[in-house]
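This report goes through the aromatic pairs, a few side-chain contacts and the main pocket of one protein model.

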Amino acid sequence: MHAFIRRYRMGTGSIDALMRKVNSQFANQLSAGGDAASDASVRVPAGIISYQAIATGDDTIITVTMFETEEACRRAERGATDIRLSLAEFQVEETHTFTGEVMLSRASEALLTPVVR
């Protein structure tokens, strides 16, 4: 299992509006195994097993994306550019990126309940 952790700064708009768009164009596809009916302008690559977006204040967001394999993680890097382009109206800028092998992972049933705010 591998992970991407990214930090973004938003240049314009609201975090709530950005999250609505991320949900409709990206995250909804994960819940349906990539087959969700959405207004997605980009397709989610195979191999993503979880995704969280965390508002950290001052128009910044941290995302944590978990992948089944290192190869799936690499494939998603290419797709991430398309996702950022689809969010151009918010002037989203990636400021930090971390990637690596997950060395320990545990989750409760609560993690399986989608959160959409």
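Ala, Val, Leu, Ile, Met, Phe, Trp, Tyr, Cys and Pro count here as nonpolar, Asp, Glu, Lys and Arg as charged, and the others, Gly among them, as polar. With these classes, the lining of the largest pocket splits into 19 nonpolar, 8 polar and 5 charged residues. The model is a predicted one.

**The largest pocket**

The volume of the largest pocket is about 1100 Å³. Its lining is made of 32 residues, and those nearest the centre are Y51, Q52, A53, P114 and V115. Two elements, α1 and β2, give two or more residues each to this lining. Helix α1 provides the largest share, with 10 residues.

**Aromatic pairs**

A pair of aromatic rings is described by the distance of the centres and the angle of the planes. The model has 2 aromatic pairs, and the table gives the values for each.

| Pair | Distance between centres | Angle between planes | Geometry |
|---|---|---|---|
| F4 and F67 | 5.8 Å | 85° | edge-to-face |
| F26 and Y51 | 4.7 Å | 80° | edge-to-face |

Why is the pair of F4 and F67 edge-to-face? Planes over 60 degrees apart fall in that class, and the planes of F4 and F67 stand at 85°, so the pair is edge-to-face. The pair joins distant parts of the chain, since F4 belongs to strand β1 (residues 2-10) and F67 to strand β3 (residues 60-67), with their positions 63 residues apart. F4 and F67 are both buried. F4 also has a charged neighbour: the charged end of R6 sits over the F4 ring, 3.9 Å from the ring centre.

The pair of F26 and Y51 likewise links distant parts of the chain, here 25 residues apart. F26 lies in helix α1 (residues 15-31) and Y51 in strand β2 (residues 48-57). Is F26 buried or exposed? Buried means under 20% relative accessible area; F26 has a relative accessibility of 7% and therefore counts as buried. Y51 appears again among the residues nearest the centre of the largest pocket.

**S86 in helix α2**

S86 is part of helix α2, which covers residues 70-86. With a relative accessible area of 16%, S86 is buried. What lies 2.7 Å from a polar atom of the S86 side chain? The atom in question is the backbone oxygen of I83.

Definitions and conventions
Residues are numbered from 1 along each chain as its sequence is written. This is a predicted model: local features need pLDDT of at least 70, side-chain atom pairs count only at pLDDT 80 or more; totals for chains, interfaces and linings use all residues. Side-chain values use heavy atoms; hydrogens and water are left out. Rings of Phe, Tyr and Trp (its six-membered ring) pair if their centres lie within 6.5 Å; planes under 30 degrees apart count as stacked, over 60 as edge-to-face and the rest as tilted. Helices (H or I, at least four residues) and strands (E, at least two) are DSSP runs, numbered from the N terminus. Buried means under 20% relative accessible area, exposed over 50%, partly exposed in between (1.4 Å probe, protein chains only). A charge sits over a ring if NZ of Lys or CZ of Arg is within 6 Å of the ring centre and within 35 degrees of the ring normal. A polar contact is a pair of N or O atoms within 3.5 Å; within protein, one must be able to donate a hydrogen and the other to accept it, and residues adjacent in sequence count only if both atoms are side-chain atoms. On a 1 Å grid over the protein atoms alone, a cavity is a set of points where a 1.4 Å probe fits but cannot get out, and a pocket is an open set with protein on both sides within 12 Å along at least five of seven lines; lining residues have an atom within 4 Å of a point. Grid points are joined across faces, edges and corners, and a volume is the space filled by probe spheres set on the points.
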